[in-house]
Amino acid sequence: MELPGNLVKYLPLTETTAYILLALTEPLHGYAIMQKVEIMSEGTVKVGAGTMYGALSTLEKEGLIVKVDEQERRKIYTLTTKGRQIIQAHIHRSAILVRNGQGL
């Protein structure tokens with residue numbers, strides 16, 4: 001999977017960032033993202049509030065997510081096209097790693 005040169009700089013993603021982007025395939029606010037990440041990761045990744053809000057700020061500045069609404073001080077985010085391309089590329093890279101690690 002080829003990515004434009006300006007997007008390659010985002011890879012590889014940290015596990016936490018990958019889960020945050022995966023959670024944002026639907027619009028969610030920070031606390032809901034934290035809950036969804038824990039569920040998706042089967043409890044192996046727990047994102048603290050400080051980490052979450054720092055990550056959301058960075059991801060928004062980088063154009064990987066966008067705020068789509070605000071309800072009672074809760075900012076709701078979703079993936080941008082750029083964010084979707086990055087998480088798809090990360091998944092592709094991870095699939096290669098898993099294939100190479102099978103049968104150990």
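**Exercise 1. Classify the residues that line the largest pocket of this predicted model by polarity and charge.**

Solution.
1. The lining consists of His 29, Gly 30, Tyr 31, Tyr 53, Leu 56, Ser 57, Arg 73, Arg 74, Lys 75 and Tyr 77.
2. Sorting these residues by class gives 4 nonpolar, 3 polar and 3 charged residues.
3. As for secondary structure, at least two lining residues come from each of H3, H4 and E3.
4. The volume of this pocket is about 170 Å³.

**Exercise 2. Determine where Arg 73 lies, whether Arg 73 counts as buried or exposed, and how far its C-alpha atom is from that of His 29.**

Solution.
1. Arg 73 belongs to the loop that runs between strand E2 (65-71) and E3.
2. Its relative accessibility is 80%, so Arg 73 counts as exposed; the cut-off for this class is over 50%.
3. Arg 73 and His 29 are 44 residues apart along the chain, and their C-alpha atoms are separated by 9.8 Å.
4. Both Arg 73 and His 29 appear in the lining of the largest pocket.

**Exercise 3. Describe the largest nonpolar core and the elements that build it.**

Solution.
1. The core comprises 29 residues, and Ile 20, Leu 24 and Ile 33 have the most contacts inside it.
2. At least two core residues are supplied by each of helix H2 (15-23), helix H3 (30-40), helix H4 (49-61), E3 and H5.
3. H2 gives the largest share, 5 residues.
4. For Leu 24, leaving aside neighbours within four places in sequence, the contacts are Ile 33, Leu 56, Ile 65, Tyr 77, Thr 78 and Leu 79.
5. Two of these partners, Leu 56 and Tyr 77, also line the largest pocket.

**Exercise 4. Identify the buried residues of H3 and state what covers them.**

Solution.
1. The buried residues in H3 are Gly 30, Ala 32, Ile 33, Met 34 and Val 37.
2. An α-helix has 3.6 residues a turn, so residues three or four places apart point the same way.
3. The cover over the buried residues of H3 includes H2, strand E1 (28-29), H4 and E3.
4. One of the buried residues, Gly 30, is also part of the pocket lining.

**Exercise 5. Determine whether Thr 80 is buried or exposed, and list its contacts beyond four places in sequence.**

Solution.
1. Thr 80 sits in the loop between strand E3 (74-79) and helix H5 (81-101).
2. Buried means under 20% relative accessible area; Thr 80, at 18%, therefore counts as buried.
3. Not counting residues up to four places away in sequence, Thr 80 touches Gly 63, Leu 64, Ile 65 and Val 66.
4. Ile 65 is also in contact with Leu 24.

**Exercise 6. Examine the backbone geometry at Glu 42, at Glu 72 and at the bond between Leu 11 and Pro 12.**

Solution.
1. Most residues other than glycine have a negative phi, and most peptide bonds are trans.
2. Glu 42, which is not a glycine, has a positive phi of about 55 degrees. Glu 42 follows H3 and is placed in the loop between H3 and H4. With 73% relative accessibility, Glu 42 counts as exposed.
3. Glu 72 is likewise not a glycine, and its phi is positive, about 50 degrees. Its place is the loop between E2 and E3, and its relative accessibility of 79% makes Glu 72 count as exposed.
4. Leu 11 and Pro 12 are joined by a cis peptide bond with omega about -5 degrees. Pro 12 is located in the loop between helix H1 (5-8) and H2.

Conventions:
Residues are numbered from 1 along each chain as its sequence is written. This is a predicted model: local features need pLDDT of at least 70, side-chain atom pairs count only at pLDDT 80 or more; totals for chains, interfaces and linings use all residues. Side-chain values use heavy atoms; hydrogens and water are left out. Helices (H or I, at least four residues) and strands (E, at least two) are DSSP runs, numbered from the N terminus. Buried means under 20% relative accessible area, exposed over 50%, partly exposed in between (1.4 Å probe, protein chains only). Contact means heavy atoms within 4.5 Å. A nonpolar core is a set of buried Ala, Val, Leu, Ile, Met, Phe, Trp, Tyr and Cys residues joined through side-chain atoms within 4.5 Å. On a 1 Å grid over the protein atoms alone, a cavity is a set of points where a 1.4 Å probe fits but cannot get out, and a pocket is an open set with protein on both sides within 12 Å along at least five of seven lines; lining residues have an atom within 4 Å of a point. Grid points are joined across faces, edges and corners, and a volume is the space filled by probe spheres set on the points. Ala, Val, Leu, Ile, Met, Phe, Trp, Tyr, Cys and Pro count as nonpolar, Asp, Glu, Lys and Arg as charged, and the others, Gly among them, as polar.
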